[in-house]
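The following exercises are to be worked through with the sequence and the model at hand. Each task is followed by a solution in steps.

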Amino acid sequence: MKKRMKRLTALFLSTAMAVSMLAGCGSKDEAKKDAGEKTEKQEEGKDSSSGGEVEITFWDKDALETGPQNTTIADAIAEKTGVRLNVINGDAQKFKVLLAGGDLPGIVNSNYGDLGVDAQALLQSGQLLALDDLIEEHAPNIKEKFADAIEYSKEFLSNDGKLYYLPVQINKATDTKVVDRSGANLALYTRYDLYKEIGSPEIKSTDDYLEALKAMQDAEPETENGNKTYAISGWSDWGLWMWTIPYQAMSGVTNWSYGMCYDMVNKEPLATYYSEPFWNCMEFYNKAYNMGILDPEIFTQKYDNYMDKLKNGQTFVTYANWLYNTANDAYAAAGTPEKGFEIVPTGLDYMYGAYEGDKPFGWAQDYPLALTKNCEDPVKAIEMIDYLFSEEGARLLNSGVEGVHWEVVDGVPQMTKEYRDGVAANATYAQSEGFAYTKLSGLSSSQILSDGYPASLLKAAEEVKKSTTKIDEIFIADSGVADAKYPGQVIESKIASGEYKLSTEVDLTPNLIKEPSDETKNLSAQVDEYVKVGVADVIMSDPKDFDAKKDAFIQSVEDKGYADVVKEMEGIWSEAQKTAKEFADK
């Protein structure tokens, strides 16, 4: 185990931004399922597989329609495994009703954010099946290739040492890296055409970056339609997201929970509202406000309002890869593909989520897969899961059916024209074809398979290149990275050269964090409510008053019990760190 843990090299952080999927086996009586009643099939024996096609139900918010799945991908799964997928979904309240009545579907993925029930609570309900014997007898692929994940699950996702959960989305690092199209998951993406227009000034600090943004706003003070521009804008309806996520991510820090954040470089927790990264962020926005380049509506406007401004050219900085893609696509659709966003120097050098490395436990306790005692045919279910945990299954779930959605051309696997045309013509095409079952995938969409390409061919460099726009091509040409096919590969090159940083060493500790006491949760909620208002007071202050405003802010959060929150959370971290070390040393 010690050698194994030493070779683990990847970011290993749980996220609360995934989509939930619950699963269930074997019912044709949809009305009874929706009512939470046991169906005839659920009342039959469940200890052996039956011949012919078996219907398996599961909870899947990604699927376009509920009921038996007749999608192209579902058909392929049925042909290969004899299992017909059948989707049931609903909200967290519906799931809780099924749980309380003992009427859970037969296959479930546990996620508290989506279901209001975490993995331990689900296990303690007594409704899950132990998978040890099933895997030993009917899942040779899982038994052989997922031993580390099984060991982790027995240690941390069990109450008796048996196997109840299978972690999903596992990735084994290879020399070939699946690099994000933009170069990071979170960053300060900047209007590259304007940056070039002001002479691509050298930037060595965040102050240099702010001066560049000021010059960009002076160069384009309003849009062609006469709307006022601000270099920096944002939104207020995602809680503290604007103030605790993007800027800190480029500092090597990610938000944890309950007023805490996680230093990914030094592998340690930080009290957010005491931390240097948070106050560097506050100072950055304070300077921007006083320079007149911060949209004052950042404190009140909604995400949708911000998106309108982003797509209409009213702001020059954005914060995440999906925003980068949306903005650049909007410029291209407007007939100005030479305009758009890219990653430029900002004085911050950490590229969060640039690419995946080893994730031997996948998403760990987030969305682990389990069978319940209501599963009509556990053998057929585990046989299907064993197939879907294979390379062939991962490619099917993530890239679709060969000959329909993807094909091999001159030795290179790639998406078909049929797939591309379908996506271009219909926003729900992928869902309607069955690209909705990936929570059943044991392997990550980024996993490089034996053919040298990722499970999701949409992430292959050759495929990503097809979506580059004119501004991407300009950025690549300016970079001097001759072999880059898309912007992310420019960033990858700069990580390799040391210009940018990315920590790829795994730390199991964040995944073993226990929930704090109700008192700490309540105190933390009160602190956060104050912070939503307090940040505006700090950011809009006169620079000479910044230090005094900072002191007052810290005093206010302490008056609301923040020091007590930090004390308990640091204790929880210390306990988790000790447990992680003991597991690594086995």
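Two strands are taken to pair if DSSP finds at least two bridges between them. The model used throughout is a predicted one.

**Exercise 1. The sheet**

Task: Determine how many bridges join strand S5 to S9, and state which strands of the sheet stand at its edges.

Solution.
Step 1. Strand S5 spans residues 186-191, and three bridges join S5 to S9. This count meets the criterion of at least two bridges, and the two strands run antiparallel.
Step 2. One of the positions to inspect is Thr190, whose bridge partner in S9 is Val317.
Step 3. The open sheet is formed by three strands in the order S9-S5-S10, with antiparallel pairing. Strand S9 (317-320) and strand S10 (341-343) each have a single partner strand and stand at the edges, so one side of each is left without a neighbour in the sheet.
Step 4. From one strand to the next, the twist averages 40°.

**Exercise 2. A hairpin**

Task: Identify the residue that takes a positive phi in the hairpin of S12 and S13.

Solution.
Step 1. Strand S12 (residues 406-409) and strand S13 (residues 412-415) run antiparallel and are joined by four bridges. Within this pairing, Glu407 has Gln414 in S13 as its bridge partner.
Step 2. Two residues lie between the strands of the hairpin, and Asp410 takes a positive phi near 55° there.

**Exercise 3. Positive phi in loops**

Task: Locate Gln169 and Lys267 and decide whether each is buried or exposed.

Solution.
Step 1. Most residues other than glycine have a negative phi. Gln169 has a positive phi near 60°, and Lys267 has a positive phi near 55°.
Step 2. Gln169 belongs to the loop between H9 and S5, whereas Lys267 lies in the loop between strand S7 (260-263) and strand S8 (268-271).
Step 3. A residue is buried under 20% relative accessible area. Gln169, with a relative accessible area of 5%, is therefore buried. Lys267 has 17% relative accessibility and so also counts as buried.

**Exercise 4. Two further loop residues**

Task: Establish the burial and the contacts of Ser441 and Ala484.

Solution.
Step 1. Ser441 is placed in the loop between helix H20 (429-433) and helix H21 (461-465). Its relative accessibility is 0%, so Ser441 counts as buried.
Step 2. Beyond residues up to four places away in sequence, the residues that Ser441 touches include Val168, Gln169, Phe389 and Asn398.
Step 3. Ala484 sits in the loop between helix H22 (470-479) and helix H23 (487-497). With a relative accessible area of 13%, Ala484 is buried.
Step 4. Apart from neighbours within four places in sequence, Ala484 is in contact with Ile476, Gln489 and Val490.

**Exercise 5. A pocket**

Task: Describe the lining of the second largest pocket by position, by element and by class.

Solution.
Step 1. The volume of the second largest pocket is about 450 Å³. Its lining has 20 residues, and Lys145, Ile170, Lys172, Leu443 and Gln447 lie nearest the centre.
Step 2. Helix H8 (140-145) and helix H9 (147-156) are the elements that give two or more residues to this lining. The largest share, three residues, comes from H9.
Step 3. Classed by residue type, the lining of the second largest pocket has ten nonpolar, four polar and six charged residues.

Definitions and conventions. Residues are numbered from 1 along each chain as its sequence is written. This is a predicted model: local features need pLDDT of at least 70, side-chain atom pairs count only at pLDDT 80 or more; totals for chains, interfaces and linings use all residues. Side-chain values use heavy atoms; hydrogens and water are left out. On a 1 Å grid over the protein atoms alone, a cavity is a set of points where a 1.4 Å probe fits but cannot get out, and a pocket is an open set with protein on both sides within 12 Å along at least five of seven lines; lining residues have an atom within 4 Å of a point. Grid points are joined across faces, edges and corners, and a volume is the space filled by probe spheres set on the points. Ala, Val, Leu, Ile, Met, Phe, Trp, Tyr, Cys and Pro count as nonpolar, Asp, Glu, Lys and Arg as charged, and the others, Gly among them, as polar. Axes are lines fitted to C-alpha atoms, for helices over the stretch in contact, and angles run from 0 to 180 degrees between N-to-C directions. Buried means under 20% relative accessible area, exposed over 50%, partly exposed in between (1.4 Å probe, protein chains only). Contact means heavy atoms within 4.5 Å.
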